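Me: Could you take a close look at the place where the ligand sits, and then at a few single residues elsewhere in the chain? I am in my first year, so please give the cut-off behind each term.

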Amino acid sequence: MFQGNLYIISAPSGAGKSSLISALLAQDTTHKMMVSVSHTTRKPRPGEQNSVHYHFVTVEEFEALIKDGVFLEYAKVFGGNYYGTSLPAIKENLAQGIDVFLDIDWQGAQQIRKKLPSVKSIFILPPSLAELEKRLIGRGQDSSEVIAERMSKAIDEISHYHEYDYVIINDEFNQALTDLQHILRAEKLTISYQSEQNKGLINQLLAK
Ligand code: 5GP
């Protein structure tokens, strides 16, 4: 059965990752792309909906899911909160030929690369630390302590950029979106993808 591609997208918070993924999906005409909804123990921000932005769960619920082996990866990311990707939903969508995007941090990316070496990973960089801080403050979602924590975590996150297959610098949004779309297109043109997707044609061409 032909499968969709699995992509990891990581970035320090404020680099524009969520906006890029939303725009990518909004412009997708194939309806063959989805973002995995993670579980987290952090509290919802204003406007965030359960099962849309995250599955918001308690620490006890999260730890029970760990025990049940539900997570493909999980990590403590911000403020001691757990974040995790559950495997069943991803598997089902990939099996239907849908490309699945995981918006996760470097710790989760490392765990998944070990389990699924064919995963493709993309790192989004901000054009500068000053711009990153400006964007975090502009979101108006976090207290100044949380922003300070996010800035120090940002540098930690950025230090892992070289573990990824692709890097996009999100300076001009539309250019960054085009870069992302080009990566996805190139991934559809690899030998492994094309030889599977166009088996019939290739067999005909070689049938003499
Ligand atoms: P936020 O609290 O801003 O929604 O997310 C904080 C960070 O957690 C982001 O960098 C995001 O990529 C990461 N994250 C979200 N879901 C997951 C997940 O399921 N696993 C891991 N490892 N990181 C996640």
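Reply: An oxygen atom of the ligand is 2.6 Å from an N or O atom in the side chain of Tyr83, which fits the idea of a polar contact, that is, a pair of N or O atoms within 3.5 Å, where within protein one atom must be able to donate a hydrogen and the other to accept it, and residues adjacent in sequence count only if both atoms are side-chain atoms. An oxygen of the ligand is also 3.3 Å from an N or O atom in the side chain of Thr85, and for the side chain of Arg150 the corresponding distance is 3.4 Å. The protein covers 95% of the 510 Å² of accessible area that the ligand has on its own (areas come from the Shrake-Rupley method with a 1.4 Å probe, and for residues only the protein chains shown count as cover).

This is a predicted model, in which local features need pLDDT of at least 70 and side-chain atom pairs count only at pLDDT 80 or more, while totals for chains, interfaces and linings use all residues. Residues are numbered from 1 along each chain as its sequence is written, and side-chain values use heavy atoms, with hydrogens and water left out.

Around the ligand there are 17 residues, of which the closest are Lys17, Ser38, Tyr54, Glu73 and Tyr83; a residue is near a molecule or strand if one of its heavy atoms lies within 4 Å of it. This shell divides into 6 nonpolar, 4 polar and 7 charged residues, where Ala, Val, Leu, Ile, Met, Phe, Trp, Tyr, Cys and Pro count as nonpolar, Asp, Glu, Lys and Arg as charged, and the others, Gly among them, as polar. The elements that give two or more residues to the shell are strand S5 (71–76) and strand S6 (82–86), and S6 gives the most, with 3 residues. Helices (H or I, at least four residues) and strands (E, at least two) are DSSP runs, numbered from the N terminus.

We can now turn to single residues elsewhere. Ser10 has its place in strand S1 (residues 6–10), and Ser10 counts as buried because its relative accessible area is 0%; buried means under 20%, exposed over 50%, and partly exposed in between, with a 1.4 Å probe and protein chains only. A polar atom of the Ser10 side chain lies 2.6 Å from the backbone oxygen of Ile104. Gly108, in helix H4 (residues 106–115), is likewise buried, with a relative accessible area of 0%, and its C-alpha atom is 9.5 Å from that of Lys76, although the two are 32 residues apart in sequence.

The loops give further cases to consider. His31 is in the loop between helix H1 (17–26) and strand S2 (33–35), and it counts as exposed because its relative accessibility is 66%. Phi of His31 is near 55 degrees, a positive value in a residue other than glycine, and the C-alpha atoms of His31 and Thr178, 147 residues apart along the chain, are separated by 18 Å. Ser51, found in the loop between strand S3 (39–40) and strand S4 (55–56), also has a positive phi, near 70 degrees, and with 42% relative accessibility Ser51 counts as partly exposed. Lys188, by contrast, lies in the loop between helix H7 (173–187) and helix H8 (191–197) and counts as buried at 17% relative accessibility, while a polar contact of 3.4 Å joins its side chain to that of Tyr193.
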